[in-house]
Amino acid sequence: FVARTPKLVIEVDGGQHALNTLEDARRTRFLEREGYTVLRFWNNDVLEQMEGVLELISSRLADMPSPD
């Protein structure tokens, strides 16, 4: 998911991403160079700890600069 105004990317990864760590890291570096913050969560975290995931996203958004 992407929110362009605060420049926040949220990725939800399944087990297959454990095999794609180099590709994920490369994509994250590219996005960060473009000014984006990337948050990555495992599927299980989203399904079993949704409240904690939402708190982390909310906290990160609160720390980001406001759009002009």
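This report describes the fold, one buried residue and the salt bridges of a predicted protein model.

## Overall architecture

The protein contains 3 helices and 3 strands. Along the sequence, these elements are arranged in the pattern β-β-α-β-α-α.

Of the 68 residues in the protein, 26% are buried. The exposed surface comes to about 5200 Å², and carbon and sulfur atoms supply 53% of that area. Among contacts with a separation of 6 or more, 62% are between residues 24 or more positions apart.

## Val9 in strand β2

Val9 lies in strand β2, which spans residues 8-13. With a relative accessible area of 9%, Val9 is buried, because the limit for a buried residue is under 20%.

Leaving aside residues up to four places away in sequence, Val9 touches Phe1, Val2, Leu31, Tyr36, Thr37, Val38 and Leu39. Thr28 is 19 residues from Val9 in sequence, and the C-alpha atoms of the two residues are 9.3 Å apart.

## A salt bridge between strands

The model has 5 salt bridges. One of them joins the side chains of Glu11 and Arg40, with an N to O distance of 3.1 Å. This pair links distant parts of the chain: Glu11 belongs to strand β2 and Arg40 to strand β3 (residues 37-42), and 29 residues separate them.

The two partners differ in burial class. Glu11 has a relative accessibility of 10% and therefore counts as buried, whereas Arg40, at 33%, counts as partly exposed.

## Salt bridges within helix α1

Arg27 forms a salt bridge with Glu23, and the closest N and O atoms of this pair are 3.8 Å apart. Both residues belong to helix α1 (residues 21-33); they are 4 residues apart, so about one helical turn separates them. Arg27 is partly exposed, at 28% relative accessible area, and Glu23 is also partly exposed, at 44%.

Arg27 forms a salt bridge with Asp24 as well, with the closest N and O atoms 2.5 Å apart. Arg27 and Asp24 are 3 residues apart in helix α1, so they too are separated by about one helical turn. Asp24 has a relative accessibility of 6% and therefore counts as buried.

## The linked network

Side chains of opposite charge can pair when their charged atoms come close. In this model, Glu11, Asp13, Glu23, Asp24, Arg27 and Arg40 are linked in a network of salt bridges. Among the members of this network, Glu11 is in strand β2 and Arg40 is in strand β3, while Arg27 and Glu23 are in helix α1.

Methods
Residues numbered from 1 in each chain as written. Predicted model: local features only at pLDDT ≥ 70, side-chain atom pairs only at ≥ 80, totals over all residues. Heavy atoms only, no water. Helix = DSSP H or I, 4+ residues; strand = E, 2+ residues; numbered from the N terminus. Buried < 20%, exposed > 50% of the residue type's maximum accessible area, 1.4 Å probe, protein only. Contact = heavy atoms within 4.5 Å. Areas by Shrake-Rupley, 256 points an atom, 1.4 Å probe, with all protein chains shown as cover. Salt bridge = Lys/Arg side-chain N within 4 Å of Asp/Glu carboxyl O.
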